[in-house]
Amino acid sequence: MVLSDSLLAVLFIVIMGLQLVLSATDEAFPSMQPESVLWMTAGLAPIAVRRLFPWGAIAATAALMLVAILFPLLWMGLNYTILVLAYTAAAHFSFRQAVAASVLLWGSISVLIVSVIPADELGMSAEAALIFNYISALVLFAIGRMVHSRRNRFTEMSNRARVAEENQATMVRQAINDERRRIARELHDVVAHHISVMGVLATGARRVLTKDPDKADETLATIETTGRTTLREMRRLLDVLRSSDEAEDDDDLAPQPGLDAVHALVAQIRDAGLAVNLVVEGEPHDLDPGIALTVYRIVQEGLTNTLKHAGPARAGVRITYGHETLELEVADTGVGPRATTTTIGRVGHGLVGMRERVALYGGTLRTGPRPGGGFRVHAMIPVDNSTVPLGTETGGDH
């Protein structure tokens, strides 16, 4: 700041030096002497500190104008300084301070014009010079206030944008934490169900161990498979709990729906008035209950959003079973959501929940407008257990 202002003062010194050189034959201008350069530099010095010490620069300029009564060479530098400082005061001060600074500056130069500067050097009468300076004062004041107003407006808009961004980030974090708590409660129910099944199977295996070893062996194999599934879900549950920074609620939940419930959900949405087409491709096979629950929740959220935001539309749900991935698509032909906030004021809560659920199983989620209109939700979820290392945290923010 000081460097740029100092360079501005040096620029004015160069301009005035060239003016003196080119006007060497004009008796109205002083000759180019070291004394002239010194006085010019003194008159322009306040420009170098105009933003670092604005009132000090203004006071120094007013004092130099009074000194110019005794040393007239000062007025050459002050002639530029007052223009720069008048604009600076109007652009950076409050209205009252800007008026006070302008009165001080232009009042001082008025005294200088009347008592110091000869009429032949002014090139006009003192009255005309005063009128010209007062017009200059009004123009510079108006320009400075305009810049001041725009700067304040920009600052205000920047502050509002910063606050809005902070609020947005807070609401997104809140939405993520809410969804993580919900996922954790649902996974807790899944794990509890598996453990209960293992207990029942273990009891049955113990009872038939001596009577029917083959049946007991089959039961123990089922316990082994169920135990591995439970371990995977437990580690995913721990991932969610480590990612959340809020305590969980203790509300009891109903048994969690899976893929079989998707058909009932589609029928329910149809009854609500939305035409939905459900397509299942590939060879259906058993999935981890957590993945099945994730698919159900994505379909539920996607179709619910279509009912809320799409208007008159048709929707389609496509579930594709692959050897290593499960592909899910929920699309509609409506207008799509018009804003990122839901009716309860949370930012993208539904989409955040989908993304958290898919990421928990190492999958990917893409959402956005469809070509030709409508909205599309597309998820790819690994179903090969070896593709997602157990214990890996995959539920980070998106």
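Trainee: Leaving aside neighbours within four places in sequence, which residues is Val317 in contact with?

Mentor: Happy to start there; this is a predicted model, where local features need pLDDT of at least 70, side-chain atom pairs count only at pLDDT 80 or more, and totals for chains, interfaces and linings use all residues. Residues are numbered from 1 along each chain as its sequence is written, and side-chain values use heavy atoms, without hydrogens and water. Contact means heavy atoms within 4.5 Å. On that basis, the partners of Val317 are Val276, Asn277, Leu278, Val279, Val299, Leu303, Leu328, Glu329 and Val330.

Trainee: Which element gives the largest share of the largest nonpolar core?

Mentor: A nonpolar core joins buried (under 20% relative accessible area, 1.4 Å probe, protein chains only) Ala, Val, Leu, Ile, Met, Phe, Trp, Tyr and Cys residues through side-chain atoms within 4.5 Å. The largest one has 33 residues, and Val317 is among those with the most contacts inside it. Seven residues, the largest share of this core, come from α10.

Trainee: How are the rings of Trp55 and Phe93 arranged?

Mentor: Rings of Phe, Tyr and Trp (its six-membered ring) pair if their centres lie within 6.5 Å; planes under 30 degrees apart count as stacked, over 60 as edge-to-face and the rest as tilted. Here the centres are 5.0 Å apart and the planes at 15°, so the pair is stacked.

Trainee: Is Phe93 buried or exposed?

Mentor: The relative accessible area of Phe93 is 7%. The cut-off for burial is under 20%, so Phe93 is buried.

Notes. Buried means under 20% relative accessible area, exposed over 50%, partly exposed in between (1.4 Å probe, protein chains only). Helices (H or I, at least four residues) and strands (E, at least two) are DSSP runs, numbered from the N terminus.
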